[in-house]
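Here are some short exercises to help you find your way around a new structure. Have a go at each task before you read its solution.

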Amino acid sequence: MTNELITSANKPVSVDGKTYHVEIKRGQVANRILTVGDPSRARLISKRLDKILFAHESHRGFLTITGIYRNVPVSIVAIGMGLSMMDFFVREARMVVSGPLSIIRLGSCGSICSAQPGDVIVASGAFGIGRNYEFFSTRQGDPYIIWPLVKPDERLTGCLRQAVGKISEVFDGDVGNADSFYGSQGRTGDDFDDANGALLQRIHETHPRAAALEMESHMLFHLAEVSTGANGDQPRSVRAACALVVFADRSGNTFICPEKSTQVFGDIASAVLDALIADASEQTADMHPAAGS
Ligand code: R1P
Ligand code: URA
């Protein structure tokens, strides 16, 4: 638990300007952010920075590393897993960064296309998959809700595809962002009645370009879609894109080995950072070398 004094319930920020969950304040986060799930992935990628200005792990497990990459301030933020963690991160980053915010998610996924463990998929869109709790009480309707597609930022996605494409084959497709690793990704078993035997087929019927399943991209693209300016005057101030390394092949029932995942993230880290700084003209006025103060 944080022991810092917070004076607003609506926007919980400490008296010295630090957000409640991610524990970041103005000047500690760049307006270009690479976000990952796993903190060890964030540390691996941070080795590509030329200089580290700020690093902090919050009491809720968010790890923020801010530094300089090819003369441009960037942050790498590990958020853990799931929709809520993405929501905390995007909203709290928005609170402390002025102007346009570019966010690339570099995550892992299960493949529901021909991509195999170790392959890279760049998202052309993302849709949500949620458990319909009403069904489990009433046995009426569908057990899962599949939401419409939300598009990422076209320019940032193009930069990502191009940069990663220089070092790896890039698969393209839509990403299903489930609210669980298990039931709503169609993983079956005997311990719970998840009513999900037909879910993967329904996903393919609803979204014919569905290529991957994971747990954060739709929330990221959704928040970008509904973002307003930092001062409420500028639509879509958040731009988002997403690249995923295949960890699980859902049709072949295979899973990546740890050495391979470390190798692939290591191989593409610089390319993803290159995509993030491709339009380096937009730098935040908040960032300065004394970021850690
Ligand atoms: C599940 O194992 C986690 O892996 C995926 C999912 O979205 C979920 O967070 O992404 P990350 O590897 O980025 O955490
Ligand atoms: N992450 C997920 O959410 N699902 C997978 O199958 C693999 C990684």
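**Exercise 1.** Which polar backbone atom lies 3.5 Å from an oxygen atom of ligand 2? After that, look for side-chain partners of ligand 2.

*Solution.* Keep in mind that this is a predicted model.
- Step one: go to G110, since a polar backbone atom of that residue is 3.5 Å from an oxygen atom of ligand 2.
- Step two: turn to the side chains. Q185 puts a polar side-chain atom 2.8 Å from a nitrogen atom of ligand 2.
- Step three: R187 has a polar side-chain atom 2.7 Å from an oxygen atom of ligand 2. With that partner in place, look at the cover: ligand 2 has 240 Å² of accessible area on its own, and the protein covers 93% of it.

**Exercise 2.** Work out what the shell around ligand 2 is made of, and which strand gives the largest share of it.

*Solution.*
- Step one: list some neighbours. Among them are S108, C109, F181, L213 and A248.
- Step two: sort the shell by class, which gives five nonpolar, three polar and two charged residues.
- Step three: trace where they come from. Strand 5 and strand 9 each supply at least two residues, and the largest share, three residues, belongs to strand 5.

**Exercise 3.** Now do the same for ligand 1: find its polar contacts, then its shell.

*Solution.*
- Step one: start with the backbone. A polar backbone atom of G37 is 3.2 Å from an oxygen atom of ligand 1, and one of M215 is 2.8 Å from an oxygen atom of ligand 1.
- Step two: add a side chain. S108 has a polar side-chain atom 2.6 Å from an oxygen atom of ligand 1. As for cover, the protein hides 86% of the 350 Å² of accessible area that ligand 1 has on its own.
- Step three: classify the shell, which holds three nonpolar, three polar and four charged residues. Strand 5 (residues 101-111) gives the most here, with three residues.

**Exercise 4.** Where do the two ligands sit, and what lines that space?

*Solution.*
- Step one: place the ligands. Ligand 1 sits in the largest pocket, and ligand 2 takes up space that is the largest pocket too.
- Step two: note the volume, about 340 Å³.
- Step three: count the lining, 20 residues, with M81, S108, C109, F181 and F247 nearest the centre. Strand 5, strand 9 (210-214) and strand 10 (238-249) each give two or more of the lining residues.
- Step four: pick the top contributor, strand 5, with five residues.

Note on methods. Residues are numbered from 1 along each chain as its sequence is written. Chains are lettered from A and ligands numbered from 1 in the order in which they are written. This is a predicted model: local features need pLDDT of at least 70, side-chain atom pairs count only at pLDDT 80 or more; totals for chains, interfaces and linings use all residues. Side-chain values use heavy atoms; hydrogens and water are left out. A polar contact is a pair of N or O atoms within 3.5 Å; within protein, one must be able to donate a hydrogen and the other to accept it, and residues adjacent in sequence count only if both atoms are side-chain atoms. Accessible areas come from the Shrake-Rupley method with a 1.4 Å probe; for residues, only the protein chains shown count as cover. On a 1 Å grid over the protein atoms alone, a cavity is a set of points where a 1.4 Å probe fits but cannot get out, and a pocket is an open set with protein on both sides within 12 Å along at least five of seven lines; lining residues have an atom within 4 Å of a point. A molecule sits in a cavity or pocket if more than half of its atoms lie within 2 Å of its grid points. Helices (H or I, at least four residues) and strands (E, at least two) are DSSP runs, numbered from the N terminus. Ala, Val, Leu, Ile, Met, Phe, Trp, Tyr, Cys and Pro count as nonpolar, Asp, Glu, Lys and Arg as charged, and the others, Gly among them, as polar. Grid points are joined across faces, edges and corners, and a volume is the space filled by probe spheres set on the points. A residue is near a molecule or strand if one of its heavy atoms lies within 4 Å of it.
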